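Reader: I am new to this structure and would like a close look at a single part of it. Could you take me slowly through one helix, its charged side chains and the core to which it contributes?

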Amino acid sequence: FMKITTKFILSSLIAGGLMATLTGGSSFFFWQAENKMAISQERTKESLNQVLKLQINLGDEVIALKDFILVNRDAADMAKYQTAKSNFIITLKELEGLQIDLSYIDSISRSHQNLISLADSLSDTVTYSGEKELDLRKINSYYEDIESQLDNLVNEIQRQNQQVNNENEQFRSAVVFSQYIISSIILCSYLLQFYLILLPISRSLKKLQEGTDLIGSKDLDYRLNIKTGDEIEDLSENFNKMTNKLQEFYNSLEEKVIDRTDELQVINETLESEVIERIQIEGQLNHALKEMQRSQKQLQGII
């Protein structure tokens, strides 16, 4: 036996808890997707900035080395190269921490090592033009190789960022779809609450109204059959008990009326018999009186 108020409270708590859980969960996942996208975009931006620094440092290295070769092996040019080289290596290390595919980093590092080896092999003395030309071609070759790999790295970073964005868009679409599903579930929970609680109450009250009308029209054989497990079921049982008592009282009263009717009928029959008997006696008395009067007249005639 569960009270109607208890049913409402429990069902409302369940529906409210379901709504809060599902809504909060979807909001959390939606926020998570937004946060993941923001982190990805920030990481992409930082990675592209680092690649740009690598390209600048690489350009500074190449310019310094070319100046060193072409302008009388000036130590200042080599110092500029060393600074640019250090910045390149530091930036490349920083790029490793941005979740970049290490194969790209390793490949760039190996190609850059070729440029370093070439720079280390350069002497401080001026060489002949053929050797200068060869060194310059090697520098250009290493530069183009590293620059090509940096371009590939930029494309890879942009591809990964686009992939993350696409995944996040799909995830957001799934979250939006799930929100529609959640709204449908919440609506169904309220419809279920109406179907399991409100509708049976409405039907039970209608049955009680019909029963009251039938009892009022003296149909005392009507009984309620309500199984709702709440106060209305208890009320219907009391209604049936009341109807039983009314029927017993009505039957008892009907028996008394019948008995009284029988008694009145006996009394009426007795009175009728007495009236008939009295009428007969009165007739006899009238007849005797008339005989006496005739006798008197006869006596008077004789006298």
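Author: What follows is a walk along helix α4, beginning with its charged residues and ending with the nonpolar core. Please keep in mind throughout that this is a predicted model.

Helix α4 covers residues 129-216, and a good place to begin is with the salt bridges, of which the count comes to two. In one of them the side chains of Arg-137 and Glu-133 meet, at 2.9 Å from N to O. These two residues are four places apart in helix α4, so about one helical turn separates them. Arg-137 counts as partly exposed because its relative accessibility is 47%, and Glu-133, with a relative accessibility of 47%, is likewise classed as partly exposed.

The side chains of Arg-159 and Glu-156 also form a salt bridge, with an N to O distance of 2.8 Å. Here the partners are three residues apart in helix α4, and therefore they too are separated by about one helical turn. Arg-159 is partly exposed, with a relative accessible area of 43%, whereas Glu-156 counts as buried, because its relative accessibility is 11% and the cut-off for buried is under 20%.

Glu-147, which also lies in helix α4, presents another picture, since this residue is buried yet has no salt bridge. The nearest side chain of opposite charge belongs to Lys-66, and that side chain is 11 Å away, while a salt bridge requires the nitrogen and the carboxyl oxygen to be within 4 Å. What Glu-147 does have is a polar contact of 3.3 Å, which joins its side chain to that of Gln-55. If neighbours within four places in sequence are left aside, Glu-147 is in contact with Gln-55 and Leu-58.

From the charged residues we can turn to the nonpolar ones. The largest nonpolar core has 29 residues, and among these Leu-65 and Leu-95 touch the most other members. Helix α4 is one of the elements that supply at least two residues each to this core, together with α1 (4-70), α2 (75-96) and α3 (102-121). The largest share, eight residues, comes from α1. Leu-65 itself, when residues up to four places away in sequence are not counted, touches Met-78, Tyr-81, Leu-115, Ala-119, Leu-122 and Ile-139. As a general background, nonpolar side chains in soluble globular proteins tend to be buried together.

Methods:
Residues numbered from 1 in each chain as written. Predicted model: local features only at pLDDT ≥ 70, side-chain atom pairs only at ≥ 80, totals over all residues. Heavy atoms only, no water. Buried < 20%, exposed > 50% of the residue type's maximum accessible area, 1.4 Å probe, protein only. Lys, Arg positive; Asp, Glu negative; His and termini not counted. Polar contact = N/O pair within 3.5 Å; in protein donor to acceptor, adjacent residues only side chain to side chain. Contact = heavy atoms within 4.5 Å. Core = buried A, V, L, I, M, F, W, Y, C linked by side-chain atoms within 4.5 Å.
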